[in-house]
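Q: I have a structure on my screen and want to learn how to read it. Can we go through it feature by feature?

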Amino acid sequence: MKARYKSIVDMFANRIRSGDIPSGTRLPTHRALSTQEHISLATATRVYSELEAMGLVSGETGRGTFVREIALPYGHGIDQHAVATDVFDLNFNYPSLLGQGEQLRDALQRIVVSGDIESHLRYQPHAGRMTERKIIADHITTPGFQPEAENVVIVNGAQHGLTITVMGMLRPGDVVAVDAFTYSGFKVLAELYHLELVAIPALTSGPDLSVLEELCQKRHVKAVYTMPTLHNPLGWVLSHSQRKKIAEIARTYDLLVIEDTTYSYLIRRPPSPIAFYAPERTIYITGFSKSVATGLRVGAVVCPESYRPALERAVRATTWNTPSVMTTLVCNWIQDGTVARFETLKRRDARQRQAVLRSTLGDMPCITHPASYFAWFPLPDDTRADRVAKKLMDCNISVSTAEPFCTSLVVPQALRIALGSVTIESLQKALIKVREAVEYESIVNPLYI
């Protein structure tokens, strides 16, 4: 015989899936459900826990339990396959420039007619060829930060750099401090490798470092993951003093610092990286997917010499080495100035898109940086992000809710908008639809049962 609570779970599930209980509906409180269904308070809590595990509802501290928009993929903002070819993609950033395809054709031809072509058919050193590591080290050198080629590990993009860092330096169960809103790809890694993420609350200009220090006093925090230069999704650029403070906390509590610099190329003269202030414990990760092209999966990890063997083992266990054709292509583009030109043009492009954003959305609340390819939109009270995202998807516009980026217990109602994947003309049209959808949903209140 089916347990009583299972029947209640099935009843709610069927009504939610049929649309009888619409998305955004606030369900009865645990105590009200207990009274209504003649079950204990613990059983009522179990009912909602099972519905949440099924992806049908979400519990929000202080607000209640709400029906999710199940027409959207669970964790919307991560599942890239959900975006069809006819959809305006404001979910993922893959900025490209006019004429890059022809430049790729020319670059491949250059590889064909020069050098030892057969060398690309053989295994490469796990960390990459030393000549190419030197080229990349020189490229990422800035005043105050001059990495040694020996400590550069070439990887298959920044995400692969994060992966080998987690594999090589952390263990299941390790506690990692992260921003309350952080890069969704690191959240996926943490889940896959069973890391415990603890959230650092966000202030206007960056993470609350006093809370990070308190966390380190209370918990055995193993590492901190940070994006100090053009944070994704909140767009902040940490000051010199904030970076020094992170380095000081890391030394005091023996933390590994994982510094993700994926979007730092968009800032013309950024402050020195945290790796400058704490080189003995910082793993600096960068890539060419955003600055050059997302399909060219080439990135680099700069690490202390003592960490390199573990990272090289992780490269060997995952991909053995970065494909040499792609690495050679990127290094050729670094040397002939193509990468620098791409970066300059994309900095200009990002600022143009931010101007479109400001002119289109008017006084709609927005957290962003004038040089970034993304923006964060806190929604008005009682406006459901999943309902707005569903309404936009019905208009063939894909956006992300806060859920994929949130590491705190309470997921706010917010949208994260990527600006770099559609034409500027299409971007303006799509942003008008975003504004209209938010305005509409802020008027139409959620239904109650």
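Q: Which residues does V301 touch, not counting residues up to four places away in sequence?
A: Remember that this is a predicted model. V301 touches N151, V152, V153, V155 and G161. I164, I283, Y284, I285 and L311 are also on its list.

Q: Which residues of the largest nonpolar core touch the most other members?
A: The general idea comes first. In soluble globular proteins, nonpolar side chains tend to be buried together. Here the largest nonpolar core has 38 residues, and I258, I283 and V301 touch the most other members. Several elements each supply at least two residues of this core, including β4, β5, β9, β10 and β11. Helices α6, α7 and α11 do so too. The largest share, five residues, comes from α6. Another core, of 27 residues, lies apart from this one. Among its members are I200, L215, W236 and A402.

Q: In what order do the strands of the sheet come?
A: Strands of a sheet pair through backbone hydrogen bonds, either parallel or antiparallel. In this structure, seven strands form an open sheet with mixed pairing. Read the order as β4-β12-β11-β10-β9-β5-β6. β4 (152–155) and β6 (196–200) are the edge strands, and each pairs on one side only. On average, neighbouring strands are turned by 20 degrees against each other, direction ignored.

Q: How many bridges join β11 to β12, and do these strands run parallel or antiparallel?
A: Four bridges join them, and the strands run antiparallel. Take one pair: I285 has V301 in β12 as its bridge partner.

Q: Which strands does helix α5 touch?
A: Helix α5 (residues 130–140) packs on the sheet and touches β4, β11 and β12. Its direction makes about 100 degrees with that of β4. Now look at helix α8 (residues 209–218). This helix lies across β5, β6 and β9, and runs at about 145 degrees to β6.

Q: Is T229 buried or exposed, and why?
A: Check the relative accessible area against the cut-off: buried means under 20%. T229 has a value of 5%, so T229 is buried. Its place is in the loop between β9 and α9.

Q: What is T229 in contact with, leaving aside its neighbours within four places in sequence?
A: T229 is in contact with W236, V237, R243, Y263, S264, I267 and P270. With R243, the side chains make a polar contact at 2.9 Å.

Q: How far apart are the C-alpha atoms of T229 and I154?
A: They are separated by 21 Å, and the two residues are 75 residues apart along the chain.

Technical notes
Residues are numbered from 1 along each chain as its sequence is written. This is a predicted model: local features need pLDDT of at least 70, side-chain atom pairs count only at pLDDT 80 or more; totals for chains, interfaces and linings use all residues. Side-chain values use heavy atoms; hydrogens and water are left out. Two strands pair if DSSP finds at least two bridges between them. Axes are lines fitted to C-alpha atoms, for helices over the stretch in contact, and angles run from 0 to 180 degrees between N-to-C directions. Contact means heavy atoms within 4.5 Å. Buried means under 20% relative accessible area, exposed over 50%, partly exposed in between (1.4 Å probe, protein chains only). A polar contact is a pair of N or O atoms within 3.5 Å; within protein, one must be able to donate a hydrogen and the other to accept it, and residues adjacent in sequence count only if both atoms are side-chain atoms. A nonpolar core is a set of buried Ala, Val, Leu, Ile, Met, Phe, Trp, Tyr and Cys residues joined through side-chain atoms within 4.5 Å.
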